[in-house]
Each structure stands twice: as structure tokens, then as C-alpha cells.
Amino acid sequence: MNTQSEHTGVSASGAAAVTPTVISPAAPTSGGGAKRRNPLSRGTRLLPAWLVPFLSLIAVTAFFSLTAGDRFLNTTNFQFLLQQTAIIAIPAFGVTLIIIAGSIDLSVGSVVALSGMVGAIVANEHGIVVGLAAAILAGIAAGFCNGVAFAILKVPSFIVTLGMLSVARGISIKISGAQPENVPDGWLWFGQRPGIYIVFAICFAGTAILLHLTSFGRRTVALGGQERVAKLSGIHVNRVKIALFCFGGLMAAIGGIVLSARVGAATPDAASGFELTAIAAVVLGGTPLTGGIGNVVNTVIGALVLSMLLNGMIILGVSGEVQLITQGIVLVGAVLLSLDRSKIGIIK
Amino acid sequence: MSQAPALELIGVEKRYPGTIAVRLGEQERLTFEYGHIHALVGQNGAGKSTIVSLIAGMQKPSAGEMRLGGEPYAPADVAQARQHGVDIVLQEPLIEEHMSVEENLLLGREGWFAPAGIFMPWTRRRFAEAVIERLPQRIDLKARAGDLPLESQKLVEMARALASKPRILIVDELSAAMSAHGVEALQETLRAFARDGGLVIYISHHLDEIVGLCDRVTVMRSGEVVTTLDAKSTTKQEISSLMVGDVVEQSSNRTIPDSAETVLELRNVSVAGQAERVSLRVRKGEVLGLGGLMDCGADALAHSIFGVTKPSEGEILLDGKRVRFRSPVQAVSAGVAYVPADRDREGLLLNLRIDKNIDLVALRWTSAFGFLNPRRGSSRATTLIERLGVRCQGCHDLPLNLSGGNRQKIAIAKWLVRRNRLLILHNPTRGVDIGGRAEIHRVINELADDGVAMLLISDDLDELISMSDNLVIMRRGVISAEFSTDEPLTEKQLIGHMV
């Protein structure tokens, strides 16, 4: 126990030691000196914000490489890490876009469970292809309900998705009779190499293209930047919002398929509390909850940091409760480092 | 006079990324004396509000020093300035609308009547009554502040400021939208304050008012102090020519033929509670100026044309066909463009690259099956940046780093990716420096020559007179006068129809 708490202590101070080096390039700007010399300088101020996720990734990797050595640094463990990352990142991609648009999705965990369950049940009856379609439909339907309640009925997304968190979980318990549902053999492809990697890559590329190279992506960014501007620029704000939550549902469904395939069964209580993991991955990746900014690569990094943290602590034999505490501290610490407070008037 | 002046600014500068808002020479002094009502005048963006925000501790100067009664004075925030006896009443109402007048009066002064954080309602009532007694007008303490007319809200703010017995009171643009009666009550309060030995620093656009009310006038232009005059021995003409300087205003010399087709026509359009039975017509290549005080209804009218709000009655015709836009989406499709007054919150996204901002409106037309070509977007943006003369580091720059005038150009540029039939501009040069203003006016003239119909809503009378081909003045939701700018017009003529 003693050695364990020592480890976390080192980890915390390690993160703190990074702080001055990250912040220092920006410090003169706020002091006014640098601003005077080059009033249009842009890079210097934003540098620390987008460096933090990469630095925390390096810090976490370095820390566990030093403390756990070969037990952490081996190909089998990295395979495991990557698969764990995929499971966190795929649903988090949907959450990323929703957060960039300035909203939030708390229903991800439940929708992951629901679509996994629907997929497994249907796949056992009608075959894998129909099962997959059913899982995806279930996810999109949940997202669509979220989107409509949010955009048309004007209920804040926090509340809407909090409701869906409960509803989707309830439905998956109901249809499963509170029993786990085994998945057919073919389904397992999605949870093993190379299937899980292929799905991960497609989801990553798809989301990145959607965000950066389509008009939908631009509208998403505009919506999060300032909804009023988007509206007065002639953007169908409601359509974008509904489409966004449908996309979130789709990504949660794919996450549900992958998770149930990896476990070998869909369980009604799968991915419970996962919505917070997904949001943590997005935030650790440096995407602010205020919207208007963010990208997909960062979410992958956030997910990697999270899964490394968990994996490394398990290898080190850190007890569950200490894992939770560390996870929380790292999350808050990362935001603490990356948030540019000079630009934000009020923090709620 | 051997005594140190009440307040002195020495070599003060305030810079923002891309602009210098206030710039005093290294040893240049701006002094204020007790017992005076000291006016600060200048065009929009001249630096008046920035100067008072420095004095009131809302911002810190980038260079230079301030002295209060000879002592160095560098307030870290508003609270510290207040401890030094400096208080400010801002242009924007600082009233908690859902609170009562009584609560508003003592907002932030809870320490007076609730020393341990707990208070008895009657104690607070007694304090509030003592505070409000100073006002020339009775205001019900129990009224909800949001229900009061604007001038009473201002009086409440003024009483709140006076309650802490300041020695220097800054008043920023109080009378912009106020009835004559309300203005009088305010002025009386200010005079009494100065008679008792206080210093009032007063910002106003109403030169008539200044000549009658103030003791001294400091004229500012593009962040610099032009001069300080004795208000009693100057004239309105002298002040206004000092304010403008010798910049030649571009003016339109277009003639719109009677045969020019009508692009926009309003027939008896009303917007519930804000505009009533307004009819007007804008022809191809014409700039129609629309002026009036803040709540004259021009804004509501623009919103109804652009599909933000629905008119409660009347017809809007575009190219002779009746249109009923349910949202801006449809208005944009029909070729209507709208550059809102609040460019930072409605016009553009400050944290989004310039080219992406510019692309926002035309996404539907520039994308193929929803896919964009970022390189082509950048080259479109670069062309527009050059055409409008935007000073920036390129189309990847953030609007956040630009000055007001350049931001405004971006907010206009995003509508120029496609050709528009009608462009509605609301205060296109508010807070823009004189150079930027001339450039924006050049763009407006070019667009008009190109055949774009424009509706120019502006608080700036010079701008209305010089840029419009025809002028409509509104007062409390109805059209009060119409002018053709063929004959020379004066600001005074227009103001007469506004208030």
C-alpha cells in the first residue's frame, strides 16, 4: 500500500514539473511585453493548449515505462492498450463532435449497452448482418430522439441526454430480461485483431473527414462557436443539431458492437458510467467543453492516455480506489494546464 | 493653482491586439479638476470609453501613469477604484432585471446593512431610502428593475454610484436613448454633484447637451487627445470640426434612375410592439439609409426582412414577389444578406480562421455533395481579403487578432462569396477607426455600383447622410420623415425627427 501511494505521488509531482515548461512561452504575452512586440502573434498563445495532450501522453508513457518496465513495454500489452483505446475512442468520436458543437451527450454509455444488446439479440435470431443493422439503427434512433428533444423541443442537451441515459439503460435491461446475451461467433470478429483495428480506423477517418472536409463539419464548428452567428449565416441550426446527435448515436452503436464482441456477450449493465469516460477522453484530448474548437486526433490521444493510465496502474498493482483518485486528478490537472483563462471571462 | 489636479493621465496608452485604442504622447498630460463637469467627445472608436475604463479600474493601461490628487493611482479593479472614490455608470445597463429597485440600489454594498452577512429587511429598506432620496425623481423601491423605463434604470444606477459618496463620477453615454425629461433629471443630478465639489467625467454624443451642461470639453480622435476647450466659450461647430479632423468623407454621387427595378419593398409591415405600418422601397444599386434612436424599430424591421422574426402584418416583396421567410436560411437562399450590428457576437466567429468564417454563408454552394475543398476556400478568402483591404496575416489568421474595422470587413466579406440582391448593413462602422471607415464606405459604394440594393441602418448621422441615396428616419416604430440626399442635409434636421 505504501509503495502504491508513493507511485501516485510521483505521478502527480511529475505532471506538476511539466507545468512551467509548458506555460512559459505564453507567460510574456499575458505580461504584455511580447504582445507589444508582435501584436498579431497567434501561435505563441495557443501553443501550450494544444501541446498539453501530447505532453501528458509522453509523461504517462514515460512514467509507466520507468516504473513498470517490460511488463508495460511489450507488444502484447500495446495490442491490449490499442484495443482498449478503440473501445473508448469510437463512442468518444461522436461525443467530440457534439462537444465541438457546444452541447453534451451523457447517454453514450447506455446507448452503447442498448445497441450492443439489440444487436446481439437480433443477430442470434436473424444472422449477423441483420444484427449489425439493428444495432446501428438502435443507436441512431436513440440519437435522433436526443436530437429532436434538444433541437425542436428546446430542452437543454444536458437534461435530454441525462434522460436518455436512464431510458436506454432501462430498455436494454428490459429486452434482455436482465440477463447477458451471448453473441454469435462471427460477431467476435469485431472485437479481435484485425477487425477492431479496421473498425477503429474507419471510424477515425470518417469522423475526421466529416469534421474537416464537409460542410456539415463546418456548420458543427460554427454552431459551437456561436449559435447566433451560425443562425444569421443561414445555417439550418436544428438540422445540424439533430444530425449531430444521430451521428453520436451511430458511434455509440459501433462502440456497442465492438464492446460486446470483445467481451463475447452483450450485458445489460455494459459500459455503465462510460459517458464520463468518453467525455474525459475528449477533455483530456484538449477539446474545451465550451465548443467551437477541437479535433479527432486529440480524442484518440485522450483515450490513449486514459487507457494507459488504467492499464499501467493495474500492472503496478495499484488498488481500484487509488486508480479512481488518480484518474480524477489527471483529468482536472490536464484541463488546468490547457485552459487559457485570459480569454474566458466567466467559468461556470 | 498650486494644488495638484484632481486626476491626471500622463503618457497613457492602451493597446489591443492589432489596435491602439488610446495614445497620449510620452509627456502629454490630460488633467481633470474637481467641481467640473468634464466632457469627453469624439467619434465612435476615438478612445473615450477606453480612457474612462482605465480610470475606473476596468482595464490597466499598457503604458503611462495616472495620478489622483498628485498621488500615483493604479487601480487593480473596479472595487479598488471605488475605494479611491472613483465610480462609473456605464453605457450598457448594469441592472439585475429580476431584482427589485431596492436590491439593485444596494447591489455590491451588502456590507453596509448586513455586516455579518445577515440583515433585517427594514434595515435594508432604510439604507435604500437614504440612497434614493438624492434623486430628483421618485422611484418605487419595490418595483422590479426590469419593468422600469430605461431612464429610471439609469437613475437607479446613478443613485447606486452616488451612494458610496465618490469624488469622481464617470458617466458613459447616458442620454443616447432617453426622453428629454429623463435627461434633465440626470443632468440636474450631475450638476448638484459637481457643485458639491465632485468631478464628473461625461461621455456624450450630443454636442448641444455638452455645451449647455459641461465646464470643459476634451476632444479625442483615433485614440489621441486633440485639445481641451472651455465649454462655455466654444461652439458646437468648433467641437464637431475638431472631432472629425480633416478627413475627407467619401460620399455617394450616384443617381438612381427612376426606371431602376425595385428589389425590396415593404408594404405596411408591422412587427409586434416594435414597428408599425412601415412602407419603403429599395431599388437596384440604391443605398437606402434608415436612421433613428436605439429602439426606433429599425432593427426589428431588418430582422423581419431577414427571416429572424415574423412580421405581424404587412407584405415584404423581393423583386416584386411576396416572400415569407421562416428563417434566415430561406432569406439567404433568396439572395438577402445581413451584416448585424454586433459583429463580435452575431457577425463572425472570433476563434475561427478567417477563411472558414468567410465560407460559412456559402457552404451550400461551394461544397460538392457536402464535401469541401479547403484550398479553394482559402483562395476565395484571399481574393476577398485583398478586395476589401483587410489587414491580417493571411486567411489563416483569427478575427480575434484583428481590429474592429478589419473584423467588420470579414463580416461583410462572408456575404460576398455569392452575389446578393439585397444587403442589409447595421452600424457597419461602429467602433471602426477613420481609415477603416473610409474603406468600408468604399466597399459599400462599389457594391452599389455593382447593382446590389442596400439597406443601411446606422446610428451615425454623418454616415447616413454621406452614404445614402435616400433616407428614412424612424421614431418609436413608425417612419417620421423621408429625405432625398440630393439636397444638402444637416444632422440637426435628422435628429429633429428622431426624438
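Here are three short exercises with worked solutions on a predicted model with chains A and B.

**Exercise 1. The interface**

Describe how chain B meets chain A, going from its extent to its chemistry.

*Solution.*

Step 1: Start with the residues. Chain B brings 39 residues into contact with 26 residues of chain A.

Step 2: Turn to area. The size of an interface is often given as the accessible area lost when the parts come together. Here the buried area between the two chains is about 2900 Å², with carbon and sulfur atoms giving 62% of this area.

Step 3: Look for charged pairs, taking a nitrogen-to-oxygen cut-off of 4 Å. The rule yields two salt bridges across the interface of chain B and chain A. One of them joins the side chains of Glu346(B) and Arg228(A), at 2.6 Å from N to O.

Step 4: Add the polar contacts. Five residue pairs are in polar contact across this interface, both residues of each pair being at pLDDT 80 or more.

Step 5: Find the elements involved. On the side of chain B that touches chain A, two or more residues come from each of H10 (298-306), H11 (328-333), H12 (343-347), H13 (354-359) and H14 (363-366) of chain B. H12(B) gives the most, with four residues.

Step 6: Sort by class. This side of chain B has 20 nonpolar, 10 polar and nine charged residues.

**Exercise 2. A sheet in chain B**

Work out the strand order of the six-stranded open sheet in chain B, then place the helices against it.

*Solution.*

Step 1: Write the order. It is S7-S8-S9-S4-S10-S11, and the pairing is mixed.

Step 2: Read off the edges. S7 (86-89) and S11 (224-230) of chain B each have a single partner strand, so one side of each lacks a neighbour in the sheet.

Step 3: Check the twist, which averages 20 degrees from one strand to the next.

Step 4: Zoom in on one pair. S8 (168-172) and S9 (199-203) of chain B run parallel and share five bridges. Within this pairing, Leu169(B) has Val200(B) as its bridge partner.

Step 5: Add the helices. H1 (48-55) of chain B packs on the sheet, touching S4, S7, S8, S9 and S10, and its direction makes about 150 degrees with that of S9(B). H6 (150-163) of chain B lies across S7 and S8, at about 175 degrees to S7(B).

**Exercise 3. A helix pair in chain A**

At what angle do H9(A) and H14(A) pack, and which residues make the contact?

*Solution.*

Step 1: Take the geometry. H9 (195-213) and H14 (296-315) of chain A pack at about 140 degrees, with axes 9 Å apart.

Step 2: List the residues. H9(A) contributes Phe200(A), Phe204(A), Thr207(A), Ala208(A) and Leu211(A), while H14(A) contributes Val296(A), Val297(A) and Val300(A).

Step 3: Classify them. The contact has seven nonpolar residues, one polar and no charged.

Methods
Residues numbered from 1 in each chain as written. Chains lettered and ligands numbered in written order. Predicted model: local features only at pLDDT ≥ 70, side-chain atom pairs only at ≥ 80, totals over all residues. Heavy atoms only, no water. Contact = heavy atoms within 4.5 Å. Buried area = accessible area lost by both parts, 1.4 Å probe. Polar contact = N/O pair within 3.5 Å; in protein donor to acceptor, adjacent residues only side chain to side chain. Nonpolar A, V, L, I, M, F, W, Y, C, P; charged D, E, K, R; others polar. Pairing = 2+ DSSP bridges. Axes fitted to C-alpha atoms, helices over the stretch in contact; angles between N-to-C directions.
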